[in-house]
Amino acid sequence: MGLTISLIKNLHDHIGQEVTVQGWLYNLRSSGKIAFLIVRDGSGLMQCIVAKNDLGEDVFSVAKNMTQETSLKITGVVKEEPRAVGGYEMLVQNFEVITPAQDYPISHKEHGVDFLMERRHLWIRSPRQMAVLRIRSEVEHALREFFYQNDFVLADAPIITPAACEGTTNLFELDYHGEKAYLSQSGQLYNEANAMALGRIYCFGPTFRAEKSKTRRHLLEFWMIEAEMAYLDMEENMKLQEDMVHYAIGRVLERCPKELAILERDVERLKRIQKPFPRISYTEAVELLKQAGEEFTWGDDFGAPHETIISSHFDAPVFVHRYPTAIKAFYMKPDPENAEVVLGADLLAPEGYGEIIGGGQRIDDLALLEQRVKEHGLPEEAFAWYLDLRRYGSVPHSGFGLGLERTVAWICGLDHIRETIPFPRMLHKMYP
Ligand code: 4AD
Ligand code: MG
């Protein structure tokens, strides 16, 4: 075996050299004297040529009878080959089968999505799925880096919580040694406490919502990156969000061109996105719906089709701000100029991907927050600590939460959110 082990994605550093690649057989075709192997190693695909004349009858016979997903180490000299998948080719000098695969169920023909979802643990080995998961990783990394560069402290929020943050209709309940507890719907309330301690903070973790409808945008377990900033108002909050989203898009365009190409993403649409993002009020958004011939009553919440109509007016993500107080969470600060609406803003992605961020300015007045907790029928004991934050040096503050999977679905141009996470949790679905 060659001494140098290389990832397929780094083959450009080894032109003309002998290297070993460790991976799995993705595809194979052979003629009488030559076998073309496509090997994958998680970082890319590589074409390998096994010639009977070089390796002899026996070795050639082993090579050409290998089954899809057989694990193998393969050694040879790398050369550039623009016509080959990945752009490089290896002339094989030696290979070692690690474990032959049994009949692999996912062949290179088209399979139905139900079939693939049942085999999600294997489906993630296919090039499209690997591309999506690499982009997901890049987005997570970019978001963390953005916060790091902007002096945010990473402060993790608990997963097991005694109370609801985002309403009581979709809570996952659990038994906390005899006490009722819930899986976190959002780290926000804890973020507010952490922001009063550390100034600017974020958390990034799994979030749980017992959604009862099946849609292309809802998971029961999803990942949310949530920031909270002391002394920040609603306008500055939106500015920070657009900087962050713009940064993440730039990073994916720069670092994932191959993945975007595999997904056949129209990257021009991503490149066109400029700052500042447009901002419209809820009331203006309702006007857009009416102009489009929708029957819509001021005060109702937007459904997915409404969000699509609104965002279709813009090339970039659009902030919709100042929603009716009645349809938003208990903690949102009323607009001082009109108490009917709150200083909250959602960010709607272009191309019909819907809301990717929910956020806004929080109530900082103790009396008003106490009143809201009561009005919403929330358990006062569980919120006592949260009210304390308004008792001991309360300040104007704002924050937001970005849904990672919806953002990745948009960046990748996917039809459905289920492909944006290795193992999606959806209604009546938790296998594998
Ligand atoms: O709008 P939401 O409910 O906002 C909050 O939870 C705030 N407490 C966040 C904050 O201010 N710290 O959720 C935020 C985002 C949504 O915009 C959406 O992108 C995503 O989380 N999201 C979901 N993603 C996938 N599946 C679901 N069921 C989702 N529910 C919300
Ligand atoms: Mg929301």
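A residue counts as buried here when its relative accessible area is under 20%. In this predicted model, Ile-363 comes out at 1%, so it is buried. The residue sits in the loop that runs between strand 17 and helix 12 (366-375). Setting aside neighbours within four places in sequence, Ile-363 is in contact with Phe-330, Tyr-331, Met-332, Lys-333 and Pro-334, with Leu-368, Leu-369 and Arg-372, and with Arg-390 and His-397. Ser-398 is 35 residues away from Ile-363 along the chain, yet the two C-alpha atoms are separated by 9.1 Å.

Now for the protein as a whole. The protein has 432 residues, and 51% of them count as buried. The fold is built from 14 helices and 18 strands, and the C-alpha trace spans about 85 × 55 × 40 Å along its principal axes. Accessible surface adds up to about 20500 Å², with carbon and sulfur atoms holding 50% of it. Among contacts with a separation of 6 or more, 66% involve residues 24 or more positions apart.

The domain assignment splits the protein into domain 1 (8-99) and domain 2 (120-420). Their C-alpha centres lie 45 Å apart. Where the two meet, domain 1 puts in 7 residues and domain 2 puts in 4 residues.

Ile-106 is found in the loop between strand 5 (88-99) and helix 3 (113-118). With a relative accessibility of 8%, Ile-106 is buried. Beyond residues up to four places away in sequence, Ile-106 touches Gln-68, His-111, Phe-115, Leu-116, Arg-119, Leu-122 and Trp-123. Ile-106 and Glu-69 are 37 residues apart in sequence, with 9.9 Å from C-alpha to C-alpha.

Next comes the ligand site. Ligand 1 is surrounded by 22 residues, and the closest are Glu-166, Gln-188, Arg-209, Glu-226 and Glu-355. By type, the shell divides into 8 nonpolar, 6 polar and 8 charged residues. Several polar atoms come up close to the ligand. The side chain of Ser-186 has an N or O atom 3.0 Å from a nitrogen atom of ligand 1. From the backbone, an N or O atom of Phe-400 lies 3.4 Å from a nitrogen atom of the ligand, and one of Gly-403 lies 3.4 Å from an oxygen atom of ligand 1. On its own the ligand would expose 630 Å², and the protein buries 94% of that. Strand 11 (221-230), strand 17 (354-361) and strand 18 (397-403) are the elements that each give two or more residues to the shell. Strand 17 makes the largest contribution, with 4 residues.

Helix 6 (residues 188-198) begins with Gln-188, one of the residues closest to ligand 1. Its buried residues are Gln-188, Leu-189, Tyr-190, Asn-191, Glu-192 and Ala-195. These pack against strand 7 (160-161), strand 10 (200-208), strand 11, helix 13 (380-391) and strand 18. Just after helix 6, Gly-199 takes a positive phi of about 95°.

Further along the chain, Thr-407 lies in helix 14 (residues 404-412). Is Thr-407 buried or exposed? Its relative accessible area is 4%, so Thr-407 counts as buried. Apart from neighbours within four places in sequence, Thr-407 is in contact with Ile-356 and Leu-402. Ile-356 falls within strand 17 and Leu-402 within strand 18.

A few backbone oddities are worth a look. The peptide bond from Lys-275 to Pro-276 is cis, with omega near -10°; Pro-276 is in the loop between helix 9 (267-271) and strand 12 (279-281). Another cis peptide bond joins Tyr-431 and Pro-432, with omega about -10°, and Pro-432 belongs to the segment after helix 14. That segment also holds His-428, which has a positive phi of about 55° although it is not a glycine. His-428 is exposed, with a relative accessible area of 77%. Arg-322 likewise has a positive phi, near 60°, without being glycine. Arg-322 is in the loop between strand 13 (318-321) and strand 14 (334-335), and at 28% relative accessible area it is partly exposed.

Definitions and conventions: Residues numbered from 1 in each chain as written. Chains lettered and ligands numbered in written order. Predicted model: local features only at pLDDT ≥ 70, side-chain atom pairs only at ≥ 80, totals over all residues. Heavy atoms only, no water. Near = heavy atom within 4 Å. Polar contact = N/O pair within 3.5 Å; in protein donor to acceptor, adjacent residues only side chain to side chain. Areas by Shrake-Rupley, 256 points an atom, 1.4 Å probe, with all protein chains shown as cover. Nonpolar A, V, L, I, M, F, W, Y, C, P; charged D, E, K, R; others polar. Buried < 20%, exposed > 50% of the residue type's maximum accessible area, 1.4 Å probe, protein only. Contact = heavy atoms within 4.5 Å. Domains from an automatic or database assignment.
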